[in-house]
There are 2 protein chains.
Amino acid sequence: MGQELNKIGIEVLRIVSIRDREEEIMEAVDNAMKRVNIVLVTGGLGPTKDDITKQTLCKYFHTELIFSEEVFENVKRVLAGKIPMNALNKSQAMVPKDCTVINNPVGSASVSWFEKDNKVLVSMPGVPQEMTAVMTESVLPKLREKFQTDVIMHRTFLVQHYPESILAEKLEPWETALPESIKLAYLPKLGIIRLRLTGRGQNKIEVESALNDEQAKLEAILGDDIFSEEDIPLEVIVGELLKKKNLTVSTAESCTGGSIAARLTSIAGSSEYFNGGIVAYSNEVKMNLLHVSPETLEVYGAVSEQTVIEMVKGAMKALKTDCAVATSGIAGPGGGTPEKPVGTVWIAAGYKNEIRTYRQETNRGRAMNIERAGNNALLILRDLLK
Amino acid sequence: MGQELNKIGIEVLRIVSIRDREEEIMEAVDNAMKRVNIVLVTGGLGPTKDDITKQTLCKYFHTELIFSEEVFENVKRVLAGKIPMNALNKSQAMVPKDCTVINNPVGSASVSWFEKDNKVLVSMPGVPQEMTAVMTESVLPKLREKFQTDVIMHRTFLVQHYPESILAEKLEPWETALPESIKLAYLPKLGIIRLRLTGRGQNKIEVESALNDEQAKLEAILGDDIFSEEDIPLEVIVGELLKKKNLTVSTAESCTGGSIAARLTSIAGSSEYFNGGIVAYSNEVKMNLLHVSPETLEVYGAVSEQTVIEMVKGAMKALKTDCAVATSGIAGPGGGTPEKPVGTVWIAAGYKNEIRTYRQETNRGRAMNIERAGNNALLILRDLLK
């Protein structure tokens, strides 16, 4: 809720969680109504006897509960076929008299919008997906309308090839010259840096135009290091690229243990471009299924550039795909050596006859080493396909 | 924090998040100190100028900041080799005079324990792993000692083979007869139900003995349907079993897309029993690498008992393992038919010549269908090995 409110220029002053007790609700509501312009309340709207928010708000606003035919129709629609209608469900159609009632499209608890002294209190269901639905569809637009808040717009850019400090240095002259109305945030995540530009102002066209100007400057500085202008998962970006180019992909994973295949196939429709993968954890599987040569494993070791090159070739051949990614490394916590400490991962991406490799270093714990290797594998594949 | 406090019998009355402003901190602290016996404060202890918790608490408790040699030694130890020591870090060694200072084993911000009118306020760092460390090592034991709270003990049992409602029916007579001091909670999760018994009392030996009695009764009712008496991930349970029996495992995954392999290899040391896996997304890969016969795919389809049986055999053979699991299903949202609606997943587990299969039904969305199929595959393998 806080993030969405910030986006429309409403600052969150305080977050309070309390128990379902009348006197505690009364006191917290009163305290908040004295302090701020907008009070958003969630929860306590269910049909059981520990749900007392609705009655308590009636008491606070000196009103009473009345039966709403419209809300009752909505309750029947939402519960249709799921559970039998009983007196408890019917109580869901009781709403405070002196308030604006907003229907809940995905649940049986309706929303109550109270106003007093030009301040607003909105009571919403506590079930997260119901709260999200009513916030998005009704509450946020109504708040913007009533309080005429600033226009706030965000643009997110996904950047590769940079550690945060080096990127910050490169962007410093541009960042310093940003107009007052535009803010920049760095949100780094395991090999990827998300840059978020936030523009704010009274006029939508002006905010949009200022963002366009700065986006153009940023693109001129970073070029293709910006690999996405939308904040979406890498597996979606790579999947879209494969679909567009009508190519198929496979995976040959050692230390990432199937997690890259799992990420690619987490996307609906991935069977269009993903044929399959081989998780080659043991050297024997690397030899038997990916045809990595015993000499390579003997001379260079399983965690080596030579091995991942042979793995990626083996995957493209065995799984008959246009391109592939391969990983082999020491995810940890055990297994490190002075030459190949924990965190060392060799990564390869291949497309037809071209192969690119990368050595990932520094140990951030098993789970993050694995996730970061997956990010790097997908980024290298994307670079290669571009 | 709330969960850990509940475990030692301390009820959380209110959670308040506020801004780093002196007057807001003063008011919130004063309000809380009037209301409860224990106030736990996190955050605002860093070395930068927006961190004002320490100074503000000094003002509230009418004391001042003094330099602590002991805390300074700890700051130097914690920051050793990471970042150069400067005046800001040195300010971390300034502590309130009238309080008990507790060292932070993993960070530079120390903990301040204030007492007033037999009430306690503890100021802790906001960095989650630092807060967790000081809560576990110092704050919780000191709270228990000071407030002599009840002994609270938990036992968790992981149960398979039951939908929640059927299990509840079966356990009803036992649950109804539970002594006052013992509570039961159902925590279901995608094919697994976690049953948590919580015992509470003044005397540790009595609580333990009551829990032992009820555990014995529960085990008599459910037998081997309790597959773990510890709340640990399935991949750990299966991994331990494989290690104990000195067996190797492989995976043949279609709809789960490598996620079972990724779960098995997320455990350090899994190379002892996991050789590798094949993600057979396309029928071609099922035929070429797992040797599923074209006739089987033709006659029964990829999502069928016959196919997963051949997949599991193919995995044991190609990856040379003692046992294997296989999945093939319609994860969704597309691809369903009247006979095989979205959510249908065939699962097989094999151990030498024995193979067990299971048809998973009902659609809970792509991600949950995949996770649940992984749970079921690992549960069936465990049953088979037992």
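The following exchange takes a newcomer through a predicted model of chains A and B.

Visitor: What kind of model is this, and how are its residues and chains labelled?
Guide: Residues are numbered from 1 along each chain as its sequence is written, while chains are lettered from A and ligands numbered from 1 in the order in which they are written. Side-chain values use heavy atoms, with hydrogens and water left out, local features need pLDDT of at least 70 and side-chain atom pairs count only at pLDDT 80 or more, whereas totals for chains, interfaces and linings use all residues, and the model itself is predicted.

Visitor: Which domains does the assignment give for chain A?
Guide: The bounds come from an automatic or database domain assignment. For chain A, that assignment gives domain 1 (1-147), domain 2 (151-228) and domain 3 (234-385).

Visitor: How much area is buried between domain 1 of chain A and domain 2 of chain A?
Guide: The C-alpha centres of these two domains of chain A lie 37 Å apart, and five residues of domain 1 are in contact (heavy atoms within 4.5 Å) with four residues of domain 2. Buried area is the accessible area, taken with a 1.4 Å probe, that two parts lose on being put together, summed over both. Carbon and sulfur atoms give 53% of the area buried between domain 1 of chain A and domain 2 of chain A, which is about 310 Å².

Visitor: Which three residues supply 90% of the area that domain 1 of chain A buries against domain 2 of chain A?
Guide: A salt bridge is a side-chain nitrogen of Lys or Arg within 4 Å of a carboxyl oxygen of Asp or Glu, and across this interface of domain 1 and domain 2 of chain A the rule finds zero of them. The 90% share of the area from domain 1 of chain A, more than any other three residues supply, belongs to Lys7(A), Gly9(A) and Arg144(A).

Visitor: How many salt bridges are counted between chain B and chain A?
Guide: The contact between the chains takes 45 residues from chain B and 45 residues from chain A, and the area buried there is about 3200 Å², with 51% of it given by carbon and sulfur atoms. On the side of chain B, Arg14(B), Arg19(B) and Tyr281(B) lose the most area to chain A, together 16% of what that side buries. One pair is Arg19(A) with Glu11(B), whose closest N and O atoms are 3.1 Å apart. Between chain B and chain A, the count of salt bridges is eight.

Visitor: Which residues make the nonpolar surface patch of about 250 Å²?
Guide: Patches are made of residues with over 30% relative accessible area and no salt bridge, where like charges are joined within 9 Å and nonpolar side chains (Val, Leu, Ile, Met, Phe, Trp, Tyr) within 5 Å. Val16(B) lies in strand β1 (residues 15-17) of chain B, strands being DSSP runs of E of at least two residues and helices runs of H or I of at least four, numbered from the N terminus. The patch of about 250 Å² is made by Val16(A), Ile18(A), Val16(B) and Ile18(B).

Visitor: Is Val16(B) buried, partly exposed or exposed, and what is its relative accessible area?
Guide: Buried means under 20% relative accessible area, exposed means over 50% and partly exposed lies in between, with a 1.4 Å probe and protein chains only. Val16(B) counts as partly exposed because its relative accessible area is 38%.

Visitor: How far apart along the chain are Lys189(A) and Glu371(A)?
Guide: Lys189(A) forms a salt bridge with Glu371(A), the closest N and O atoms being 3.7 Å apart. Lys189(A) is in strand β9 (residues 182-189) of chain A and Glu371(A) in helix α14 (residues 366-385) of chain A, so that the pair links distant parts of the chain, 182 residues apart.

Visitor: Which residues does Val139(B) touch, not counting those up to four places away in sequence?
Guide: Val139(B) lies in helix α6 (residues 128-147) of chain B, and this residue is buried because its relative accessible area is 0%. Beyond those sequence neighbours, Val139(B) touches Leu40(B), Val111(B), Trp113(B), Val122(B), Met124(B) and Val134(B).

How values were computed. Areas by Shrake-Rupley, 256 points an atom, 1.4 Å probe, with all protein chains shown as cover.
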